[in-house]
Amino acid sequence: MDLGIIIYSQTGNTRYVAGKLKEKLEAEGHRAEIEEIKISGSTPAQAGKFEITDAPAPDGYDAVIFGSPVQAFSLNPVMKAYLAQLPSLENKKVACFVTKQLPLVQTGGTGAVARMKKECESRGAAVLGTEIVVWSKSKRDRSVNKCVEELSRLF
Ligand SMILES: Cc1cc2nc3c(=O)[nH]c(=O)nc-3n(C[C@H](O)[C@H](O)[C@H](O)COP(=O)(O)O)c2cc1C
């Protein structure tokens, strides 16, 4: 399968997970390409204070995995803006993941992946799964591995 991994990453954590996903998917015989959403403006991005300069198109892929950080207990505003400008994802297979720092519940992860899922489904995508990667030292490796295992199994 031809997979796109479309991410926004401000400090590299989401990019790291995307790289691990790409390795795993390719090891399983898929083609996987990482594409990054780029912005102009200062970071961390604040709603209304940045412009998307590069918005990768999901069209050419059989399936797409979207990845983003959590910011301020919510989905990062760049991924919010990117998803909002997407055209139809009719019949596209999709998975979503977020990375976040805080190991506690109710610190933005569940709401952020739910937002991504809703945006994709409203454009006709079949969302096959979502994952939350916790970047805190004690949980990081296990959390990244779980995300990679669970999402790669979907395709
Ligand atoms: C401005 C800002 C707000 C953040 N808010 C949260 C938050 O609400 N909950 C959380 O768990 N992590 C939060 N984080 C941590 C990031 O989600 C985490 O470091 C993430 O893995 C960064 O991904 P990136 O390196 O791909 O940009 C925040 C980070 C920044 C810079």
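**Exercise 1. The span of helix α3**

Task: Determine how far α3 reaches from its first C-alpha to its last, and compare this with the value expected at 1.5 Å a residue.

Solution. Helix α3 of this predicted model contains 14 residues. From the first C-alpha to the last, α3 reaches 20 Å, which is close to the expected 20 Å.

**Exercise 2. The two sides of α3**

Task: State which residues of α3 are buried, and establish how they are arranged around the helix axis.

Solution. Step 1: the buried residues of α3 are G109, A112, V113, M116, E119 and C120. Step 2: viewed down the axis of α3, these buried residues fall within an arc of 125°, so they line one face of the helix. Step 3: a general property of helices fits this pattern: an α-helix has 3.6 residues a turn, so residues three or four places apart point the same way. Step 4: the other side of α3 carries the exposed residues K118 and S122. Step 5: the cover over the buried residues of α3 includes β5, β6 (74–75), α2, β7 and β8. Step 6: just after α3, G124 adopts a positive phi of about 95°.

**Exercise 3. Helix α4**

Task: Explain why the distance between the end C-alpha atoms of α4 agrees with its number of residues, and identify what its buried residues pack against.

Solution. Step 1: α4 has 13 residues, which at 1.5 Å a residue should span 18 Å; the end C-alpha atoms are 18 Å apart, so the two values agree. Step 2: S143, V144, C147, V148, L151 and S152 are the buried residues of α4. Step 3: these residues cover an arc of only 145° around the axis, and therefore lie on the same side of α4. Step 4: D141, R142 and E149 are exposed on the other side of α4. Step 5: the packing partners of the buried residues of α4 are α1, β5, β7 and β8.

**Exercise 4. The largest nonpolar core**

Task: Name the residues of the largest nonpolar core that touch the most other members, and the helices and strands that each supply at least two residues of this core.

Solution. Step 1: the largest nonpolar core has 44 residues, of which I5, L21, I65, V94, C96, M116 and V133 touch the most other members. Step 2: at least two residues of this core come from each of the strands β1 (2–7), β5 (63–71), β7 (93–100) and β8 (126–134). The helices α1 (13–27), α2 (77–84), α3 (109–122) and α4 (140–152) likewise each supply at least two. Step 3: in general, nonpolar side chains of soluble globular proteins tend to be buried together. Step 4: M116 is both one of the core residues with the most contacts to other members and one of the buried residues of α3. Leaving aside neighbours within four places in sequence, M116 contacts F66, S68, L75, M79, L83 and C96.

**Exercise 5. The shell around the ligand**

Task: Describe the residues that surround the ligand, by number, by origin and by character.

Solution. Step 1: the ligand is surrounded by 20 residues, and the closest are Q10, N13, T14, P69 and K100. Step 2: α1, β5 and β7 each contribute at least two residues to the shell. Step 3: by character, the shell consists of 7 nonpolar, 11 polar and 2 charged residues.

**Exercise 6. Backbone details in the loops**

Task: Locate the cis peptide bond, and determine whether A72 is buried or exposed and whether N91 is buried or exposed.

Solution. Step 1: the cis peptide bond joins T43 and P44, with omega about 0°. P44 belongs to the loop between β3 (38–40) and β4 (51–54). Step 2: A72, although not a glycine, has a positive phi of about 55°; A72 is placed in the loop between β5 and β6. Because A72 has 11 C-beta neighbours inside 10 Å, A72 counts as exposed. Step 3: N91 is not a glycine either, yet has a positive phi of about 65°. N91 lies in the loop between α2 and β7. With 8 other C-beta atoms within 10 Å, N91 is exposed.

**Exercise 7. Residue L128**

Task: Explain why L128 counts as partly exposed, and name the residues that L128 touches.

Solution. Step 1: L128 is part of strand β8. Step 2: L128 has 15 C-beta neighbours inside 10 Å, and therefore counts as partly exposed. Step 3: not counting residues up to four places away in sequence, L128 touches K93, V94, A95 and L154.

Note on methods: Residues numbered from 1 in each chain as written. Predicted model: local features only at pLDDT ≥ 70, side-chain atom pairs only at ≥ 80, totals over all residues. Core = buried A, V, L, I, M, F, W, Y, C linked by C-beta atoms within 7 Å. Buried ≥ 20, exposed ≤ 12 C-beta atoms within 10 Å, placed from the backbone. Helix = DSSP H or I, 4+ residues; strand = E, 2+ residues; numbered from the N terminus. Contact = placed C-beta atoms within 7 Å. Near = placed C-beta within 6 Å. Nonpolar A, V, L, I, M, F, W, Y, C, P; charged D, E, K, R; others polar. Expected span 1.5 Å × (residues − 1). Arc of directions from axis to C-beta.
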